[in-house]
Amino acid sequence: MDSFSLDHKTVLVTGGYGFIMSNLINVINDTYQNTHIINVDKCGAGSNKSNILPEQQGNQITNVKMKCEDKRFKDLLVKYKPDLIIHGAAESHVDRSITDPLGFVTSNVVGTTNVVNSVDWYQKNIDNHCKCVLVSTDEVYGHLEVNEKSWTEDSPIAPRSPYASSKAAADLIALSFYNTFKTDFCIVRGCNNFGPRQDEEKLLPKYITSLLRGDVMPVYGNGKNIREWVFVEDFCHFILDKAFRYAPGRVFNYGKGVSRNNLEILDEIYETVKFFCRKKDCELIHKYAKFEDTIEFVEDRKGHDFKYAMSSKYAHPNLPSKSFKKQLHTTVEFYYEKTKAEQRAANNWYNKLFK
């Protein structure tokens, strides 16, 4: 990372109101100076404008409401002339992809095709030094049995859900652009991200807020499905590292997460919330006598993948990171403060209306 800087550069990010890309914008904003960040976001279900923190260090953030499949995307590149493009916009919730597969194809396949086509044109006609990173997922590889080895970048693509299939299709179309047109980009594939400001439909924030509100968390099947977890800022640093140094047309796996089955990760969250609430004198957690009281098993998800695990055939640098335990604590603290703020707002509204 030392060989490249985004100081005084222009970076275009798609999906910047989403969880991972907003964290990426915040990392850039916190690390570099006088950087112009263009956030292109359609303002859909996974978008939250408050995810992006205020500008600092002379940086400028310009927000543009636009779908990635919009034909005007190319015009944005001409207008802002980015030095780096990071395409992370995607519909990403597996359950919603099961109820609306066509919507995922439009956003993820058509959107990415339009972005890559625009990047190819831009690199050949406006700025042939512009770099580009496409953000993908481990789910394109399908799933593993309990004792199977981790995927590498050479593993075959075998997606099993409409979401994973849409991301796999997007990756394959993008790679065809490299093979056919020598478009300059790389693909990074990440595992399950977690951290502050993640949408509460996702597993970890859903469970944390469930505990803080005194509710019971539904768990698919027997809860033994295995996932790999990585703190979102760690993945953002990896994306930037690949943006600074990559070979065009190459795929990079980020498989440095902590592997847990769903019951194990939820139990770890439960213990973290208990520890945190003891410090904060929070009474809600005392509703539960034990971890098993916080969950209820429900019918398994259709086509539920059993295990994800990635490794890489490439040597990656050791990027800055905190311990997994501290990262969980940071995440719990964020949702605790958010939940308390929501409760205060609700109480104020009730008092004004009825007292």
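**Exercise 1. Find which residue's side chain reaches a backbone nitrogen at the start of helix α8, and then check the length of this helix in the predicted model.**

Solution. Begin at the start of α8, where a side-chain oxygen of N261 comes to within 3.0 Å of the backbone nitrogen of L263. Next, take the extent of the helix, which covers residues 262–280 and therefore holds 19 residues. Because the expected span is 1.5 Å times one less than the number of residues, α8 should span 27 Å, and the 26 Å between its end C-alpha atoms agrees with this. Finally, look at which side chains are covered: the buried residues of α8 include N262, L263, I265, L266 and I269, and Y270, T272, V273, F276 and C277 are buried as well.

**Exercise 2. Apply the length check to helix α5, and state what its buried residues pack against.**

Solution. Helix α5 runs over residues 162–181, and at 1.5 Å a residue its 20 residues should span 28 Å, which agrees with the 28 Å between its end C-alpha atoms. Among the buried residues of α5 are Y163, A164, S166, K167 and A168, and further along the helix A170, D171, A174, L175 and F177 are buried too. These buried residues pack against two helices, α3 (94–99) and α4, and against the strands β5 (131–137), β6 (186–190) and β10 (251–254).

**Exercise 3. Decide how α4 lies relative to α2 and to α5: roughly parallel or oblique?**

Solution. Take α2 first, which comprises residues 73–80, and note that its axis comes within 9 Å of the axis of α4 (residues 101–125), with a crossing angle of roughly 40°. Since angles under 35 degrees count as roughly parallel and 65 to 115 as roughly perpendicular, α2 and α4 are therefore oblique to each other. Their crossing is right-handed, and the contact is formed by F73, K74, L77 and V78 of α2 together with N114, V115, S118, V119, W121 and Y122 of α4.

Now turn to α5, whose axis also comes within 9 Å of that of α4, while the crossing angle is roughly 20°. Under the 35 degree limit, α4 and α5 are therefore roughly parallel to each other. This crossing, too, is right-handed, and among the residues that make the contact are F104, V105, N108, V109 and T112 of α4 and Y163, S166, K167, A170 and I173 of α5.

**Exercise 4. Determine where K81 and K182 lie, and say what is notable about the phi of each residue.**

Solution. The step of reasoning starts from a general expectation, namely that most residues other than glycine have a negative phi. K81, in the loop between α2 and β4 (84–87), has a positive phi near 50° although it is a residue other than glycine. K182 lies in the loop between α5 and β6, just after α5, and its phi is also positive, at about 60°. As for accessibility, K81 is partly exposed because its relative accessible area is 46%, whereas K182 has 53% and so counts as exposed.

**Exercise 5. Classify S22, T331, L6 and K326 as buried or exposed, and list the contacts of S22, T331 and L6 beyond four places in sequence.**

Solution. The cut-offs needed are under 20% relative accessible area for buried and over 50% for exposed.

- S22 sits in helix α1 (residues 19–31); with a relative accessible area of 0% it is buried, and, neighbours within four places aside, it is in contact with G15, G16, Y17, N51 and I52.
- T331 belongs to helix α9 and, at 1%, is buried; beyond its neighbours within four places, its contacts are F194, G195, P196, I208 and F231.
- L6 is part of the segment before β1 (10–14) and is buried at 0%; its contacts outside four places in sequence are V11, I28, Y32, Q33, T35, L84, L240 and F244.
- K326 is also found in α9, which covers residues 324–354, but its relative accessible area of 54% makes it exposed.

**Exercise 6. How many residues in sequence, and what distance in space, separate K326 from A164 and L6 from N348?**

Solution. K326 and A164 stand 162 residues apart in sequence, and their C-alpha atoms are 30 Å apart in space. For L6 and N348, the separation in sequence is 342 residues, and the C-alpha to C-alpha distance is 44 Å.

Terms used: Residues are numbered from 1 along each chain as its sequence is written. This is a predicted model: local features need pLDDT of at least 70, side-chain atom pairs count only at pLDDT 80 or more; totals for chains, interfaces and linings use all residues. Side-chain values use heavy atoms; hydrogens and water are left out. Helices (H or I, at least four residues) and strands (E, at least two) are DSSP runs, numbered from the N terminus. Buried means under 20% relative accessible area, exposed over 50%, partly exposed in between (1.4 Å probe, protein chains only). A polar contact is a pair of N or O atoms within 3.5 Å; within protein, one must be able to donate a hydrogen and the other to accept it, and residues adjacent in sequence count only if both atoms are side-chain atoms. Contact means heavy atoms within 4.5 Å. Axes are lines fitted to C-alpha atoms, for helices over the stretch in contact, and angles run from 0 to 180 degrees between N-to-C directions. Angles under 35 degrees count as roughly parallel, over 145 as roughly antiparallel, 65 to 115 as roughly perpendicular and the rest as oblique. A crossing is left-handed if the near helix is turned anticlockwise from the far one by less than a right angle, and right-handed if clockwise.
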